[in-house]
Amino acid sequence: MDAPTWLVGWRCLLLLALVGSTRSEGVQSCEEVRKLFQWRLVGAIKGLPDSPRAGPDLQVCTSEKPTCCTRKMEERYQTAARQDMQQALQTSSSTLKFLISRNAAAFQETLETLIRQAENYTSILFCNTYRNMALEAAASVQEFFTDVGLYLFGADVNPEEFVNRFFDSLFPLVYDHLINPGVADSSLEYSECIRMARRDLSPFGNIPQRVMGQMGRSLLPSRTFLQALNLGIEVINTTDHLHFSKECSRAVLRMQYCPYCQGLTLSKPCMGYCLNVMRGCLAHMAELNPHWHAYIRSLEELSDAMHGTYDVEHVLLNFHLLVNDAVMQAHLDGPKLSDQVNKICGRPSRTPTQSPRCSFDESKEKYGMKISARNEEETLANRRKEFINNLRLHRTFYGALADQLCVNDLAAADGLPCWNGEDIVKSYTQHVVGNGIKDQSGNPEIKVKGTDPVINQIIDKLKHVIQLLQGRSPKPDKWELQMGSGGGMAEQVSGDCDDEDGCGASGSGEVKRTLKVTDWMPDEMNLSDVKQTHQTDGGSTLDTTGSGCTAATESMTFTLMGAVMLLPKLW
């Protein structure tokens with residue numbers, strides 16, 4: 001039975017019961033109790049009392065007055081009380097659970113889209129600017145972005161290894177097609193020798209180290225952010241299905257269904273009474289509150305820090321620019337690199353060769369161009385910010401859960417007659433305890449003992465993920481990256497330079513550097529290859545310009561070349 005139908009039926013039955021008394025005195029018939037029992041619990045009415053009678057065998061709903069309940073009815077009410085409690089928890093957490101699960105799925109889908117877009121940008125770069133090596137580079141590009149996705153979504157892969165693997169595989173292609181074109185000796189052994197020499201020769205300058213730094217700073221926080229969201233869903237799923245103690249079940253039975261036994265089908269528990277029962281039942285769950293609050297705060301801190309080179313969107317969509325810089329750096333150092341490779345791997349035989357045609361899928365190119373113009377309001381950072389703003393509203397969820405259940409649904413409104421566990425009264429006179437285990441020692445309605453091992457496990461998991469989140473949160477004011485082997489430099493960037501502002505050198509001599517997210521691709525991607533002319537051993541001139549991509553103006557090529565020529569001065 002769905003919720004709306006249940007609610008309508010419930011109200012109808014309550015209206016029927018209005019003819020009855022709101023007090024236990026004078027109850028002559030159990031007809032309304034029988035109807036509610038049959039409808040609510042789908043129980044057979046055979047054997048149910050027609051009129052109030054003594055109930056000496058009742059365990060919880062005991063009373064000196066005549067009762068409309070039997071021992072079997074009480075047992076069925078006990079089961080209903082546990083189910084009601086479970087349903088109340090799931091209803092209360094449904095909005096929070098949906099918020100986290102929906103955004104976790106949306107973030108993963110967005111990251112998958114960014115990876116595809118970054119891969120398209122890189123493939124288009126090779127097809128239109130380095131078309132003579134595009135087909136051979138395709139496998140390495142695809143493998144690199146596959147590894148990026150695997151790492152982001154939790155696989156045990158090492159960013160440093162797949163970054164090195166990409167540039168290792170790129171160097172033989174750059175050497176064969178740009179530095180020393182026309183090599184006939186294409187044996188695997190020779191290519192492997194060039195590949196192995198890459199880390200010693202550093203043909204791409206410090207760019208591989210920069211890529212490692214950017215990937216490490218951006219991928220790990222995003223990976224941890226996703227893992228933390230999945231843990232949040234796990235926490236809610238676990239608390240939604242907690243097994244409540246026998247004491248709790250009996251207390252909820254007494255509060256919810258024992259009034260029925262006296263014919264009080266319209267009664268609701270007093271607010272103080274409800275709070276004591278719910279705070280006792282949920283005392284262990286309330287212990288999650290400080291850890292849940294810290295969990296949300298840590299998510300917020302990490303999200304706020306994920307900008308600039310810590311922003312995975314920024315890094316992925318600018319990866320192709322660094323690849324272009326790397327290739328051009330190796331090309332500029334071509335003569336020196338050629339001599340070094342000849343010393344290490346030998347001098348190969350050379351003959352003019354025809355580069356394979358670039359067969360980049362036009363549909364992919366169009367797809368890449370279509371998504372290159374990104375809406376400023378649809379960035380991953382803005383989505384995270386909106387999510388965190390909504391999640392912040394649930395910081396005290398576990399601490400306020402008992403109160404929320406009573407105020408929103410279970411308890412009678414202030415000033416109305418209410419059920420106090422024994423009879424209908426004007427107000428509840430017992431002491432009302434606070435939330436949490438420590439406050440339950442004086443609870444007059446329920447005894448809370450020991451700790452809950454399931455809750456303790458959840459607390460341990462929350463503590464662990466909080467440590468991860470805090471460990472992955474970069475300092476917003478300053479970060480320092482020590483370059484690995486081959487880089488030979490340390491880069492220091494001040495965080496007070498906004499990524500969208502142009503930054504120059506500070507008065508203290510510290511270089512403030514920024515990389516802007518650039519719509520690098522024009523509407524029509526028809527760049528011609530850089531004209532590559534090399535002199536063979538016999539003194540003849542060899543043109544190695546690739547073929548197969550549509551020719552376009554050379555002005556863009558000269559612009560790119562000019563930018564690369566300026567790199568030594570800028571960096």
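Which residue forms a disulfide with Cys-69? In this predicted model, the partner is Cys-261, and the sulfur atoms of the two residues are 2.0 Å apart. The bridge joins distant parts of the chain, since Cys-69 sits in the loop between α2 (31-41) and α3 (71-129), while Cys-261 belongs to helix α9 (residues 258-261), 192 residues apart. The link of Cys-69 and Cys-261 is left-handed, with -90° about the S-S bond, and both of these cysteines are buried.

Before turning to the other bridges, it helps to look at the chain as a whole. It has 571 residues, of which 49% count as buried, and its secondary structure comes to 20 helices and six strands. Its accessible surface is about 28000 Å², and carbon and sulfur atoms account for 51% of that area. When contacts between residues at least 6 apart in sequence are taken together, 79% of them join residues that are at least 24 apart.

The bridge described at the start belongs to a set, for a search of the whole structure finds seven disulfides. A disulfide is a covalent bond between the sulfur atoms of two cysteines. Another of the seven joins Cys-193 to Cys-345, with 2.0 Å from S to S, and because the torsion about its S-S bond is about -95°, this disulfide is left-handed. Here too the pair connects distant parts of the chain, with Cys-193 in helix α6 (residues 188-201) and Cys-345 in helix α15 (residues 334-345), 152 residues apart. The two ends of this bridge fall into separate classes of exposure: Cys-193 has a relative accessible area of 23% and is therefore partly exposed, whereas Cys-345, at 17%, is buried, the cut-off for buried being under 20%.

A further bridge is formed by Cys-270 and Cys-418, whose sulfur atoms are 1.9 Å apart, and this link is right-handed, with 90° about the S-S bond. Cys-270 lies in the loop between α9 and α10 (271-281) and Cys-418 in strand β1 (residues 418-419), so the bridge ties together parts of the chain that are 148 residues apart in sequence. Both Cys-270 and Cys-418 are buried.

From the bridges we can move to the helices, beginning with α19 (residues 453-472), which has 20 residues and reaches 29 Å from its first C-alpha to its last, close to the 28 Å expected at 1.5 Å a residue. Which residues of α19 are buried? They are Ile-455, Ile-458, Ile-459, Leu-462, Val-465, Ile-466 and Leu-469. Seen down the axis of α19, these buried residues fall within an arc of 135°, so they line one face of the helix. The face turned away from that buried side carries the exposed residues Pro-453, Gln-457, Gln-467 and Gly-471. The buried residues of α19 pack against α7 (207-240), α11 (283-286) and α12 (289-305). At the N-terminal end, α19 is capped by Asp-452, which has a side-chain oxygen 2.9 Å from the backbone nitrogen of Val-454.

One residue of α19 can be followed in closer detail. Val-465 is found in this helix and counts as buried because its relative accessibility is 5%. Apart from its neighbours within four places in sequence, Val-465 is in contact with Ala-228, Leu-231 and Tyr-295. Val-465 and Thr-224 are 241 residues apart in sequence, yet their C-alpha atoms are 8.4 Å apart in space.

Helix α18 (residues 401-410) can be read in a similar way, its buried residues being Leu-401, Ala-402, Leu-405, Cys-406 and Leu-410. Seen down the axis of α18, these residues fall within an arc of 135°, so they line one face of the helix. On the face turned away from the buried side, α18 carries the exposed residues Val-407 and Asn-408. The cover over the buried residues of α18 includes α3, α8 (246-256), α10 and α11.

A last stop is a backbone detail. Most residues other than glycine have a negative phi. Ser-202, however, has a phi near 50°, a positive value in a residue other than glycine. Ser-202 is placed in the loop between α6 and α7, and, at 24% relative accessibility, this serine counts as partly exposed.

Methods:
Residues are numbered from 1 along each chain as its sequence is written. This is a predicted model: local features need pLDDT of at least 70, side-chain atom pairs count only at pLDDT 80 or more; totals for chains, interfaces and linings use all residues. Side-chain values use heavy atoms; hydrogens and water are left out. Helices (H or I, at least four residues) and strands (E, at least two) are DSSP runs, numbered from the N terminus. Buried means under 20% relative accessible area, exposed over 50%, partly exposed in between (1.4 Å probe, protein chains only). Contact means heavy atoms within 4.5 Å. Accessible areas come from the Shrake-Rupley method with a 1.4 Å probe; for residues, only the protein chains shown count as cover. A disulfide is a pair of cysteine sulfur atoms within 2.5 Å. The expected span of a helix is 1.5 Å times one less than its number of residues. The arc is that of the directions from the helix axis to the C-beta atoms. A polar contact is a pair of N or O atoms within 3.5 Å; within protein, one must be able to donate a hydrogen and the other to accept it, and residues adjacent in sequence count only if both atoms are side-chain atoms.
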